Amino acid sequence: MKEPIYKNIENYVMNLIESGELKEGDLIPSEKQLTERFNVTRMTVRSALNNLVNGGYITRRRGIGSIVIGNNIYDNISTISGFTREMENKGYTVSNKVIDLTIVQADEALKDKLNLSENDNVWEIKRVRLANEEKVSYMVTYMPVKLFPNLSKEHCNGSLYKYIEEECGYKIAMSEREVTSILSDEETENALGLDSKDALLYIAQVCKLQNGDIFEYSHTYHYGYTLTLNAVPK
């Protein structure tokens with residue numbers, strides 16, 4: 001069966017990227033150029049470009065055009081090793097930028113997610129995660145103060161999971177994740193340095209310790225990410 005014309009446009013742009021003819025930060029051919037090259041409507045071209053945006057290959061910049069994104073970072077949903085360890089294992093240099101670290105009183109939603117009692121407080125940690133100095137994730141994490149009374153900005157600048165296991169002596173047992181794709185909003189655009197609306201991979205996560213305590217509820221907004229899921233037979 002003949003491929004739809006929009007797939008031909010996608011394949012053409014992908015070949016330019018994969019061959020190295022177009023590199024990270026380069027402009028891809030304009031909508032007008034693609035329209036003329038393939039003799040199609042702008043709607044067809046936009047359909048192809050939307051698929052490339054959603055796939056994390058290009059991004060749109062208002063007043064500039066569509067730009068090639070760097071290599072996607074792959075995250076394996078079946079692991080709970082934490083961002084820092086996972087990325088370092090893949091050869092990336094990892095760093096964090098702490099935007100805010102405050103103590104807040106848990107609302108009903110946080111009490112439910114973290115299994116907290118009335119008047120329990122939580123740490124609210126807002127961080128931008130970087131791989132090879134590129135912003136790839138914006139993360140908002142909530143952790144019970146009663147479990148981590150000595151948490152500091154210095155701990156948040158490094159690996160929280162390393163702090164939890166090596167300094168606090170806890171054993172991380174499991175995580176539950178909900179994954180979806182969303183459009184960026186003003187908060188995530190400011191954190192990730194985006195100039196306009198863009199597709200993000202959103203993960204809501206609840207993590208438990210070996211003793212059954214819930215120690216983390218987080219919202220992570222990934223940019224330029226591909227998620228993999230491994231199925232392991234019992």
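## A tour from a buried tyrosine

Begin by selecting Tyr202, which counts as buried because its relative accessibility is 17%. Here, buried means under 20% relative accessible area, exposed means over 50%, and partly exposed lies in between (1.4 Å probe, protein chains only). The model is a predicted one, in which local features need pLDDT of at least 70 and side-chain atom pairs pLDDT 80 or more, while totals for chains, interfaces and linings use all residues. Residues are numbered from 1 along each chain as its sequence is written, and side-chain values use heavy atoms, without hydrogens or water.

**The whole chain**

Next, show the chain as a cartoon, where eight helices and 10 strands can be found. These are DSSP runs numbered from the N terminus (helices: H or I, at least four residues; strands: E, at least two). Of the 234 residues of the chain, 46% count as buried.

**The open sheet**

Select strands E4 to E9. These six strands form an open sheet in the order E4-E5-E6-E9-E8-E7, with antiparallel pairing. Two strands pair if DSSP finds at least two bridges between them. Strand E4 (94-105) and strand E7 (172-183) are at the edges and have a single partner strand each, so one side of each lacks a neighbour in the sheet. On average, neighbouring strands of this sheet are turned by 15° against each other, direction ignored; the axes are lines fitted to C-alpha atoms, and angles run from 0 to 180 degrees between N-to-C directions.

Now keep E7 and strand E8 (residues 199-209) in view. These two strands run antiparallel and are joined by 11 bridges. Which residue of E8 stands opposite Glu178? The residue to select is Ala204.

**Helix H7**

Move to helix H7 (residues 160-167), where Leu160, Tyr161, Tyr163 and Ile164 are buried. Looking down the axis of H7, one finds these buried residues within an arc of 165°, so they line one face of the helix. The arc is that of the directions from the helix axis to the C-beta atoms. The face turned away from this buried side carries the exposed residues Glu166 and Glu167. Among the elements that cover the buried residues of H7 are strand E5 (121-131), strand E6 (134-144) and helix H6 (153-157). Just after H7, select Gly169, which takes a positive phi of about 80°.

**Aromatic pairs**

Display the aromatic rings: the structure holds six aromatic pairs. Rings of Phe, Tyr and Trp (its six-membered ring) pair if their centres lie within 6.5 Å; planes under 30 degrees apart count as stacked, over 60 as edge-to-face and the rest as tilted. Tyr12 and Phe38 form an edge-to-face pair, at 5.6 Å centre to centre and 70° between the planes. Tyr12 belongs to helix H1 (residues 5-18) and Phe38 to helix H2 (residues 31-38), so this pair links distant parts of the chain, 26 residues apart. Phe38 counts as buried, at 18% relative accessibility.

Return to Tyr202 and add Tyr221. Their ring centres are 5.2 Å apart and their planes are at 35°, so the pair is tilted. Because Tyr202 lies in strand E8 and Tyr221 in strand E9, the pair ties together parts that are 19 residues apart in sequence. Tyr221 counts as buried at 16% relative accessibility. Add Tyr138 to complete the view: ring pairs link Tyr138, Tyr202 and Tyr221 into a cluster.

**A loop residue**

Finally, select Ser196, in the loop between helix H8 (186-192) and E8. Is Ser196 buried or exposed? At 10% relative accessibility, Ser196 counts as buried. Leaving aside neighbours within four places in sequence, Ser196 is in contact (heavy atoms within 4.5 Å) with Arg60, Arg62, Ser184 and Glu189.
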